[in-house]
2 protein chains.
Amino acid sequence: MAQLARPGASRRITIRDIALRAGVSVSTASRALNGKPDVSPQARARVLAAAQELNYMADAYARTLAGGRSRTLGLIIPNNGDSFFAQLARGVADAATAHGYSIIVYNTNESSELELQAHQLMLARRVEGVLVASVESGAPPLARLLEAGLSCVLLNRRLDGLQVDEVLSDYEEGAYQATAHLCALGHRRIAHVTLEGDRYSVRTRLAGYRRALEEQGIGEAPELIIRYSRLPLLYERILQALPALRPRPTAIFAYNDLCCVPILRALQDLGWKVPEDISLVGYDDAEFAAWLSPPLTTVAQSPYDVGVKGTEVLIERLESPSESQGAKKLVLKPQLVVRQSSAPPSTATTQRDT
Amino acid sequence: MAQLARPGASRRITIRDIALRAGVSVSTASRALNGKPDVSPQARARVLAAAQELNYMADAYARTLAGGRSRTLGLIIPNNGDSFFAQLARGVADAATAHGYSIIVYNTNESSELELQAHQLMLARRVEGVLVASVESGAPPLARLLEAGLSCVLLNRRLDGLQVDEVLSDYEEGAYQATAHLCALGHRRIAHVTLEGDRYSVRTRLAGYRRALEEQGIGEAPELIIRYSRLPLLYERILQALPALRPRPTAIFAYNDLCCVPILRALQDLGWKVPEDISLVGYDDAEFAAWLSPPLTTVAQSPYDVGVKGTEVLIERLESPSESQGAKKLVLKPQLVVRQSSAPPSTATTQRDT
DNA sequence: TTGAAAGCGTTACCAA
DNA sequence: TTGGTAACGCTTTCAA
């Protein structure tokens with residue numbers, strides 16, 4: 001009696017146990033358990049029954065060590081607490097689970113040092129492939145991962161000089177659509193409120209914004225690019241920046257829906273009515289966007305879908321390594337959702353259709 | 001030439017490689033790598049150097065299989081895409097990383113079937129402990145996990161009939177504070193807008209709401225509990241339910257900040273000014289709460305902290321199994337954040353201080 | 001302080 | 001169709 005040091009630290013049930021109980025060898029048990037062909041129906045039945053009775057779970061570590069495959073994917077991401085990346089991660093998790101893979105997540109905070117650590121961890125944990133949404137450290141570290149035999153898929157990031165699969169939602173196109181929508185309504189003085197810095201999501205939106213303006217022959221107006229560093233400071237920033245603009249902008253294209261909340265408030269405090277005095281277009285189609293006052297025109301994109309698609313691309317590459325030689329590029333189109341925060345400018349002077 | 005089947009599928013660098021290069025045995029290499037005492041300084045230095053030069057990473061699978069410890073924690077969670085759980089998961093990830101653990105996440109969608117699968121996965125993956133924020137399947141499956149030698153910590157959930165650590169933010173207390181705040185302002189007719197169903201987070205808020213009312217001698221008014229099933233339906237629900245109430249409620253305590261967005265809109269369309277005609281208090285202190293019109297009074301809680309604390313409790317239990325015999329209960333207090341959406345009722349008749 | 005050898009639980013390769 | 005045996009890469013006795 002009193003065998004157990006820790007109560008509950010019971011011995012693991014191994015394949016030997018079930019082989020014994022089924023009256024077959026370990027090899028036969030293994031084959032039966034894995035659905036391999038060369039097993040007699042009777043043997044298979046007995047093995048499966050034994051496994052059931054003993055509630056047997058194959059040890060993933062032993063299995064991987066012996067067989068090679070870990071059925072694990074890595075996800076390298078700036079911050080899984082951020083709602084955008086959380087949804088992307090959810091897409092990855094769902095797709096991975098559906099195909100029988102586990103995923104291991106590493107947060108980098110977009111620090112290149114932590115990215116390097118993430119790569120080490122992926123190697124140690126024998127992931128079969130990596131989904132990368134954080135590439136501050138650039139191409140060479142990723143190239144090393146590829147050399148080590150891992151497949152990689154870039155999510156919502158681009159990296160020049162590396163032949164690697166990419167899945168991304170087209171920010172440039174989304175920003176273009178948002179801005180073009182405002183142009184089509186007759187706006188010609190359109191501000192862009194965005195984050196400071198030059199990260200991918202900022203750069204691409206800016207590019208789409210510019211393309212739409214150029215297409216209309218609207219010249220660059222640097223003072224219309226309003227930058228903020230952190231959300232809590234945006235309200236003040238708007239309050240100070242907007243009234244200083246001459247002539248007044250008649251529309252704003254904002255970085256995302258979240259930042260539209262303080263913008264709306266600032267506009268209200270400024271006494272500028274939306275959309276009568278100024279139009280506002282966001283990005284993301286956040287859950288609350290439809291319920292703001294006024295309901296927000298925005299660009300719907302699906303980080304969830306990027307996660308799902310990216311994972312599917314990765315798994316396909318893992319499971320049929322011969323096919324699909326070249327790097328695959330998948331671009332998910334965002335979609336403009338027109339609600340009530342955008343309308344023609346009230347001052348008809350700038351309208352094109354009059 | 002042309003040795004590599006897949007270009008890049010290079011052979012793994014093992015401990016034998018570094019033992020060879022350092023001119024010691026595998027055992028000595030292992031000891032040196034793991035910082036064990038019985039190694040001569042010279043041997044240790046040579047081993048470490050070799051490891052560095054070859055960019056050696058110990059194989060987590062082999063290490064776990066041989067040594068027992070996986071340094072992996074499981075996280076069982078309803079939905080890592082939801083912003084609340086995403087932040088909780090971030091807390092878990094940060095704390096785990098800080099202590100050298102990896103985490104593996106499983107989404108259950110609060111389905112008891114998926115929970116059971118999650119448990120199987122945890123067993124297969126040899127996690128050392130599990131953080132559980134989804135317990136639809138009840139106590140027995142969790143008891144089985146404990147029997148298998150895993151430590152468990154419940155996050156933001158309670159489970160009777162099981163001696164297990166718990167870390168939770170006190171919804172009941174938060175709801176109490178929110179409601180008591182409204183009472184103190186003089187409100188006596190306070191509606192509670194909440195989700196349908198009886199999940200933990202709903203039940204506990206309701207309890208806190210009731211306790212505050214009782215304390216004031218305000219009787220139960222079932223018609224003041226307004227339920228909604230999904231966010232997109234809430235706006236209509238409010239529009240239809242509020243005007244029907246006699247006498248009018250002078251305040252609303254809502255399930256969370258997100259649902260305050262459509263509520264605010266409905267109130268506006270109803271022509272009820274906040275806070276002049278009706279006060280509104282949310283829950284969560286979401287990023288946007290301070291920027292709504294008016295800025296939202298709410299209850300700040302930190303799912304991130306729950307994740308961090310829960311992970312620390314778990315790791316402590318793993319690393320000093322002898323200590324801390326009894327189940328540990330950690331309750332994080334929420335904090336009321338008073339902004340401008342709550343004020344005394346304008347009809348002075350119900351005020352207490354007059 | 002060192003090294004040889006025996007596992008850890010599984011799969012894969014051969015013979016039988 | 002089966003079972004023995006050799007890996008997989010590492011840690012951990014146990015002698016030396």
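**Two H4 helices, two DNA strands**

Helix H4 of chain A and helix H4 of chain B are oblique to each other. The model in which they are seen is a predicted one. The axes of the two helices, each made of residues 60-67, come within 9 Å and cross at roughly 125°. An angle over 145° would count as roughly antiparallel, and one from 65 to 115° as roughly perpendicular. The angle of this pair falls in neither range, so the word oblique applies. The crossing of H4(A) and H4(B) is left-handed.

Which residues of H4(A) and H4(B) meet? From H4(A) they are A:Ala60, A:Tyr61, A:Ala62, A:Thr64 and A:Leu65, and from H4(B) they are B:Ala60, B:Tyr61, B:Ala62, B:Thr64 and B:Leu65. By class, this contact has 8 nonpolar residues, 2 polar ones and no charged ones.

The H4 helices also take part in the surfaces around the DNA. Start with DNA strand D, which has 26 residues around it. Those that come nearest are A:Arg31, B:Ile15, B:Ser30, B:Lys36 and B:Tyr56. Of the atoms of this strand that come within 4 Å of the protein, sugar and phosphate account for 65%.

Three atom pairs show what such an approach looks like on strand D. In the side chain of A:Arg31, an N or O atom is 2.6 Å from a base nitrogen of DNA strand D. The side chain of B:Ser30 has an N or O atom 2.8 Å from a phosphate oxygen of DNA strand D. For B:Ala62 the atom is a backbone N or O, and it lies 3.2 Å from a base nitrogen of DNA strand D. Helices H2 (26-33) and H4 of chain A, together with H2 (26-33) and H4 of chain B, are the elements that give two or more residues to the surface near DNA strand D. Which element gives the most to that surface? It is H4(B), with 4 residues. By class, the residues near DNA strand D divide into 11 nonpolar, 9 polar and 6 charged.

Now turn to DNA strand C. This strand is surrounded by 27 residues, and the closest are A:Ile15, A:Ser30, A:Tyr56, A:Ala66 and B:Arg31. Sugar or phosphate makes up 63% of the strand C atoms within 4 Å of the protein, and the rest belong to bases.

Backbone atoms of chain B can be followed to DNA strand C in three places. A backbone N or O atom of B:Ser25 is 2.9 Å from a phosphate oxygen of the strand. For B:Ser40, a backbone N or O atom is 2.7 Å from a phosphate oxygen of DNA strand C. A backbone N or O atom of B:Ala66 lies 3.2 Å from a base oxygen of DNA strand C. The elements that give two or more residues to the surface near DNA strand C are H2 and H4 of chain A and H2 and H4 of chain B. H4(A) gives the most here, with 4 residues. The residues near DNA strand C comprise 12 nonpolar, 9 polar and 6 charged.

Helix H2 of chain A has a packing partner in its own chain. Helix H1 (residues 15-22) of chain A packs with H2(A) at an angle of about 100°, the axes being 9 Å apart. That angle makes H1(A) roughly perpendicular to H2(A). H1(A) brings A:Ile15, A:Arg16, A:Ile18 and A:Ala19 to the contact, and H2(A) brings A:Val26, A:Ala29, A:Ser30 and A:Leu33. These residues divide into 6 nonpolar, 1 polar and 1 charged.

Another helix pair is found in chain B. Helix H5 (residues 83-98) and helix H12 (residues 303-319) of chain B pack at about 40° with their axes 7 Å apart, and H5(B) and H12(B) are therefore oblique to each other. Their crossing is right-handed. Among the residues that meet are B:Phe84, B:Leu88 and B:Val92 in H5(B), and B:Tyr304, B:Val308 and B:Ile315 in H12(B). By class, the contact has 10 nonpolar, 4 polar and 2 charged residues.

A few backbone details of chain A remain. The peptide bond from A:Val274 to A:Pro275 is cis, with omega near 5°; A:Pro275 is in the loop between helix H11 (257-270) and strand E9 (279-281). The bond from A:Ser293 to A:Pro294 is cis too, with omega near -5°. A:Pro294 is in the loop between E9 and strand E10 (298-300). A:Glu110 is a residue other than glycine with a positive phi, near 55°, and is found in the loop between strand E2 (102-107) and helix H6 (112-124) of chain A.

How values were computed:
Residues are numbered from 1 along each chain as its sequence is written. Chains are lettered from A and ligands numbered from 1 in the order in which they are written. This is a predicted model: local features need pLDDT of at least 70, side-chain atom pairs count only at pLDDT 80 or more; totals for chains, interfaces and linings use all residues. Side-chain values use heavy atoms; hydrogens and water are left out. Axes are lines fitted to C-alpha atoms, for helices over the stretch in contact, and angles run from 0 to 180 degrees between N-to-C directions. Angles under 35 degrees count as roughly parallel, over 145 as roughly antiparallel, 65 to 115 as roughly perpendicular and the rest as oblique. A crossing is left-handed if the near helix is turned anticlockwise from the far one by less than a right angle, and right-handed if clockwise. Contact means heavy atoms within 4.5 Å. Ala, Val, Leu, Ile, Met, Phe, Trp, Tyr, Cys and Pro count as nonpolar, Asp, Glu, Lys and Arg as charged, and the others, Gly among them, as polar. A residue is near a molecule or strand if one of its heavy atoms lies within 4 Å of it. A polar contact is a pair of N or O atoms within 3.5 Å; within protein, one must be able to donate a hydrogen and the other to accept it, and residues adjacent in sequence count only if both atoms are side-chain atoms.
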